[in-house]
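Please follow the chain through its loops, its helix contacts and its enclosed spaces. The paragraphs below take these topics in turn.

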Amino acid sequence: MSVFQYKSHPDDYVGFWGPVTATIDWCEENYSISPFFAEFVNSTTNLSFFILAAYHLYSAIKNKHGTLYIFISIGMAFVGLGSWLFHMTLKYEMQLMDELPMIYVTAIPFGYLFSWNKPPLEKALWQYGTFFGTLIMTVVYVFVYKNPVLHQICYASLNFSIIFKTLSNINKYVEDDKMKTFLRKMLVLAFSLFAIGFFIWNLDNIYCPNLISWRRDYLGIPFGFIIEGHGWWHIFTSFGIYYFVIYNEILSTYMEGKQDLYELVWHGPVIEVVLKENLKKLD
């Protein structure tokens, strides 16, 4: 069935990027595809982050969604870049480039949402508190406690805080019942994509020896790529983040009282929040 076979290396083999220094290694066999990629599939599946981030950046600028969503788009691209470099090299420095941008890009909407419409002092406290809290977390994680569990707890805490705050804002700012239902469905969609990706990734962790055997003995290259679970995590997560950003973007138009200026447009599986004046230009 296979077109090409996976490469085999002795236990002491060292690839182009040198010995592995990351605190995490994944089920994809190291340097089994190319001497320049420690994990070829886990690297290249981050293309989904680049494509979706570039598309959203273009949309955010074209449809005047403001600097918040421009920075979020750039941050999403950096998440993909950091993950690509981490899986390509398996170096600890690149691991930090994978993990820390996830915190930073999530802290941006966190600070925005919790400081929204607050008195000046309270607004400043939320914004500076978010900045210094993120800085402290970075210092602790890099220099004091390098356990990835710390990163996972901080990332999850930021995301769940945003979810609870946005659900409160839907009830506060969105009067249209159909739009309330739509936004909640968007949130469920985004969360479901995360959950599916996480489930597949954990299958990767649990059944790793079996998956390696199936890839080597039966599937080969490129069909073995299909059962690289962590790669699917990247793809599902990138779409989950994209829909989560769109969910927040739609809500922002209601919070700013500009919802009547925008319309939702689907392009296949991708949704865009488009200025109505831009739609008129296309007619």
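P222 sits in the loop between α8 (208-219) and α9. The peptide bond that leads from I221 into P222 is cis, and its omega is near 10 degrees. This and everything that follows is read from a predicted model. A second loop, the one between α2 (47-62) and α3, holds K64. The phi of K64 is positive, near 55 degrees, in a residue that is not glycine.

The next topic is helix packing. Two packed helices are described by the angle between their axes and by the distance between those axes. For helix α4 (residues 92-115) and helix α5 (residues 120-144), the axes come within 9 Å and the crossing angle is roughly 165 degrees. Angles over 145 degrees count as roughly antiparallel, and α4 and α5 are therefore roughly antiparallel to each other. Their crossing is right-handed.

Which residues make this contact? On the α4 side they are Y92, Q95, L96, E99, L100, I103, Y104, A107, F110, G111, F114 and S115. On the α5 side they are K123, W126, Q127, T130, T134, M137, T138, Y141 and V142. Sorted by class, the contact of α4 with α5 contains twelve nonpolar, seven polar and two charged residues.

From this contact, turn to the open space in the model. The largest pocket holds about 820 Å³. Its lining is made of 33 residues, and those nearest the centre of the pocket are M102, Y155, F194, F198 and W233. Five helices, α3 (67-89), α4, α6 (148-173), α7 (177-206) and α9 (229-255), each supply at least two residues of this lining. Which helix supplies the largest share of the lining of the largest pocket? That helix is α6, with eight residues. By class, the lining of the largest pocket divides into 22 nonpolar, nine polar and two charged residues.

Closed spaces come next. How many cavities of 30 Å³ or more are counted? The count is two. The largest cavity has a volume of about 200 Å³. It is lined by 15 residues, and V105, T106, I241, F244 and V245 are the closest to its centre. Helices α3, α4, α6 and α9 each give at least two residues to the lining of the largest cavity. That lining has twelve nonpolar and three polar residues, with no charged ones.

The second largest cavity has a volume of about 30 Å³. The residues lining the second largest cavity are L68, Y69, P109, Y112, L113, N248, L251, S252 and M255. Helices α3, α4 and α9 each supply at least two residues of this lining. The greatest contribution to the lining of the second largest cavity comes from α9, with four residues. By class, there are seven nonpolar residues, two polar residues and no charged residues in the lining of the second largest cavity.

Taken by helix, α4 has several roles in this account. It packs against α5 with axes that come within 9 Å. Helix α4 is also one of the helices giving at least two residues to the lining of the largest pocket, and α4 does likewise for the largest cavity and for the second largest cavity. Helix α9, which follows the loop that holds P222, is likewise among the helices lining the largest pocket, the largest cavity and the second largest cavity.

Methods:
Residues are numbered from 1 along each chain as its sequence is written. This is a predicted model: local features need pLDDT of at least 70, side-chain atom pairs count only at pLDDT 80 or more; totals for chains, interfaces and linings use all residues. Side-chain values use heavy atoms; hydrogens and water are left out. Axes are lines fitted to C-alpha atoms, for helices over the stretch in contact, and angles run from 0 to 180 degrees between N-to-C directions. Angles under 35 degrees count as roughly parallel, over 145 as roughly antiparallel, 65 to 115 as roughly perpendicular and the rest as oblique. A crossing is left-handed if the near helix is turned anticlockwise from the far one by less than a right angle, and right-handed if clockwise. Contact means heavy atoms within 4.5 Å. Ala, Val, Leu, Ile, Met, Phe, Trp, Tyr, Cys and Pro count as nonpolar, Asp, Glu, Lys and Arg as charged, and the others, Gly among them, as polar. On a 1 Å grid over the protein atoms alone, a cavity is a set of points where a 1.4 Å probe fits but cannot get out, and a pocket is an open set with protein on both sides within 12 Å along at least five of seven lines; lining residues have an atom within 4 Å of a point. Grid points are joined across faces, edges and corners, and a volume is the space filled by probe spheres set on the points.
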